[in-house]
Amino acid sequence: MDDRNPVVELALRRGFVMPSSEIYGGLAGFYDYGPVGTLMKNKLISLWRHHCIRKEGYVEIDGANILREEVLKASGHVKSFTDPLTRCSKCKNSFRADHLVEEATGQRVEGLDANQLTKKLEKVKCPNCGGKLSKVELFHTMFDVRAGTSEGTRAYLRPETAQSIFINFPRLFSVTREKLPLGVGQVGRAFRNEISPRNFLIRMREFTQMEIEIFLSPDQLDSHPNWNEIKDVKLRLVKQDGKEVETTPEEMVRQKIAPNQYLAYWVGKAWLFYSALGIPRKNMRMKHLPKDETPFYSKSNFDLEVKTSFGWKEALGTAYRTDHDLSEHAKLSGKKMEAMFENGKIIPHVIEPSWGVDRPFYMILEAAYRPKTKEKDWEWLQLPPVIAPYISAVFPLMRKDGQPEKALEVTKNLLEKGFDVFYDKTGSIGKRYARADEIGTPFCITIDYDTAKDNTVTLRHRDTGKQDRVKIEELPKLLGEALNFELNA
Ligand code: GAP
């Protein structure tokens with residue numbers, strides 16, 4: 001873990017995230033979210049829920065984390081969910097063979113088989129001790145478990161939340177009154193036994209996904225009801241041949257870069273969502289995956305990549321999964337995975353916006369990080385108010401003369417109105433501002449001697465340090481306005 005990275009250091013110091021099992025030496029690839037991290041993570045999920053589920057007219061489920069082996073046989077994971085592994089003969093460390101070759105040679109090696117990677121590794125030494133690396137083998141990255149006593153039933157911790165939605169399709173179609181398109185989302189944990197988990201929240205072994213499977217007839221793929229809201233979003237696309245172009249979802253469909261409107265819609269929406277959450281445009285690119293990088297279940301894939309201090313990393317993907325999953329589950333289970341559409345039965349096709357939570361969480365923190373300057377003698381986070389753990393802090397200027405009681409009353413009233421605020425009476429005002437800024441709190445409210453006279457407080461703005469005198473009764477309106485979050489193209 002790189003705790004010399006100032007964002008990682010701040011995240012650990014202020015309890016956004018904590019290494020799991022830390023008192024026993026930690027467990028690579030596992031993290032626990034701390035108090036402010038949990039608040040922020042839940043806000044990210046709430047925004048997704050509002051903009052990507054409710055506003056689209058979709059529904060959500062909450063599936064089990066452990067799935068029977070058959071589910072993952074049908075989906076193709078049992079056969080194909082592997083990563084190339086090499087071990088050092090000297091220090092015995094294991095590495096992702098493809099990552100080592102890419103780092104040592106700068107060449108893209110996606111799609112090469114184990115023999116081809118072994119050849120490429122001949123000139124590469126162990127990055128840890130310089131030792132000789134072994135032949136490449138394929139390592140299965142699902143965690144297997146047994147459910148029940150004795151032999152038990154073979155099962156796996158799910159490697160993606162998506163499968164819980166596919167296997168429930170017949171019931172979901174029935175309980176939602178048999179209409180297509182049917183969008184079903186889910187926020188939940190996914191588990192992958194990554195060979196070398198690293199880069200903090202970027203490559204974990206247990207992580208959270210918020211995925212949507214949109215089931216529809218192939219006839220509906222080119223008519224998204226909210227197309228006009230997204231079709232003109234300007235985005236930077238890396239084409240399959242590696243060339244970068246400025247484009248829009250509408251252009252992508254017109255030029256047949258995107259196979260259909262639904263896929264292009266979600267490419268545009270993802271771009272809009274993360275630019276609204278503060279990731280600078282220059283640090284985002286939408287990558288159209290070349291054929292050899294496209295997952296086995298997908299006909300077309302677009303990944304949103306973000307430039308971080310660990311390099312360009314995938315934040316989320318949008319896939320056209322066709323009828324792959326439903327057809328395979330129908331074959332192996334012998335159950336019908338069909339829907340009535342117009343006058344006949346069809347196996348619906350699927351568009352999948354598959355968004356991670358932890359990677360974008362980290363990317364938003366990095367985009368918001370501001371180092372110390374002459375004007376501000378402390379590090380701080382310029383988080384968009386809508387995602388900041390707290391919208392405001394409330395301070396008594398002095399710990400006497402009724403000020404703590406008044407500050408607690410203001411805190412209670414704002415909490416009752418649904419605002420996330422916290423009370424802090426410890427240390428100088430400067431120290432309290434610094435502590436609030438460090439976790440990205442957009443406002444600080446201070447109760448002072450004038451409050452008792454005219455019912456006003458000082459409202460300090462995090463970004464400018466500007467202070468306004470405002471009436472206590474105006475606070476809910478001011479804080480409410482700051483929390484406004486729109487997705488406008
Ligand atoms: N259902 C499709 C699917 O799971 P994916 O590209 O493998 O696609 C989707 O994963 C998202 O899940 C990624 O874009 C990323 O945000 C997150 N993710 C995947 N593996 C991860 C890992 N090891 N650690 C943290 N997040 C991960």
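Helices and strands here are DSSP runs, numbered from the N terminus. With that naming, K243 falls in the loop between β12 and β13. The model is a predicted one, and K243 is a handy place to start looking around it. This lysine is exposed, with a relative accessible area of 53%. Leaving out neighbours within four places in sequence, K243 is in contact with L237 and V238.

The two strands on either side of that loop belong to a sheet. In total, 9 strands make up this open sheet, in the order β3-β10-β11-β19-β16-β15-β14-β12-β13, and the pairing is mixed. At the edges stand β3 (59–61) and β13 (244–247); each has a single partner strand, so one side of each is left without a neighbour in the sheet. Going from one strand to the next, the twist averages 25°. Helix α11 packs on the sheet, where it touches β11 (206–216), β12, β14 (284–288), β15 (301–308), β16 (311–322) and β19 (349–356). The direction of α11 makes about 15° with that of β19.

The mixed pairing shows up well around β12 (residues 235–238). This strand runs antiparallel to β13, and 4 bridges join the two. One residue to look for is R236, whose bridge partner in β13 is E246. Towards β14, β12 runs parallel, with 2 bridges between them. Here V238, one of the residues in contact with K243, has K287 of β14 as its bridge partner. Next along, β14 and β15 pair in the antiparallel sense over 5 bridges, and M284 stands opposite V306 in β15.

How much of β14 is buried? The count is 5 of its 5 residues, so the strand is largely enclosed by the rest of the structure. In a regular strand, side chains alternate between the two faces of the sheet. For β14, both faces are covered: M284, M286 and H288 are buried on one side, and R285 and K287 are buried on the other.

Another residue worth finding in the sheet is T318, in strand β16. Its relative accessibility is 0%, and since buried means under 20%, T318 counts as buried. Setting aside residues up to four places away in sequence, T318 touches L263, W266, V267, S300, N301, F302, E352 and P353.

Now for the helices. Two packed helices are described by the angle between their axes and the distance between the axes. The axes of helix α2 (residues 35–54) and helix α11 (residues 261–276) come within 12 Å and cross at roughly 140°. The pair is therefore oblique, and α2 passes α11 in a right-handed crossing. On the α2 side, the contact is made by L44, L47, W48, H51 and C52; on the α11 side, by W266, K269, F273 and Y274. By class, this contact has 7 nonpolar, 1 polar and 1 charged residues. W266 turns up again here, as one of the residues that T318 touches.

Helix α2 also meets α13. The axes of α2 and α13 come within 11 Å and cross at roughly 110°, which makes α2 roughly perpendicular to α13. This crossing, too, is right-handed. From α2, the residues in contact are G37, M40, K41 and L44, and from α13 they are D358, P360, F361, I364 and L365. These residues divide into 6 nonpolar, 1 polar and 2 charged. L44 appears in the contact of α2 with α11 and in the contact of α2 with α13.

Is helix α13 (residues 358–368) mostly buried or exposed? Of its 11 residues, 9 are buried, so α13 is largely enclosed by the rest of the structure. The buried residues are D358, P360, F361, Y362, M363, I364, L365, E366 and A368.

A few spots in the backbone also deserve a look. Most residues other than glycine have a negative phi, and most peptide bonds are trans. The peptide bond from L180 to P181, however, is cis, with omega near -5°. P181 is found in the loop between α8 (169–175) and β10 (182–191). S21 is not a glycine, yet has a positive phi of about 55°. This serine lies in the loop between β1 (17–19) and β2 (31–33) and is partly exposed, with a relative accessible area of 37%. D401, also not a glycine, has a positive phi of about 55°. D401 lies in the loop between β22 (392–396) and α14 (403–416), where it is exposed, with a relative accessible area of 53%.

Technical notes:
Residues are numbered from 1 along each chain as its sequence is written. This is a predicted model: local features need pLDDT of at least 70, side-chain atom pairs count only at pLDDT 80 or more; totals for chains, interfaces and linings use all residues. Side-chain values use heavy atoms; hydrogens and water are left out. Axes are lines fitted to C-alpha atoms, for helices over the stretch in contact, and angles run from 0 to 180 degrees between N-to-C directions. Angles under 35 degrees count as roughly parallel, over 145 as roughly antiparallel, 65 to 115 as roughly perpendicular and the rest as oblique. A crossing is left-handed if the near helix is turned anticlockwise from the far one by less than a right angle, and right-handed if clockwise. Contact means heavy atoms within 4.5 Å. Ala, Val, Leu, Ile, Met, Phe, Trp, Tyr, Cys and Pro count as nonpolar, Asp, Glu, Lys and Arg as charged, and the others, Gly among them, as polar. Buried means under 20% relative accessible area, exposed over 50%, partly exposed in between (1.4 Å probe, protein chains only). Two strands pair if DSSP finds at least two bridges between them.
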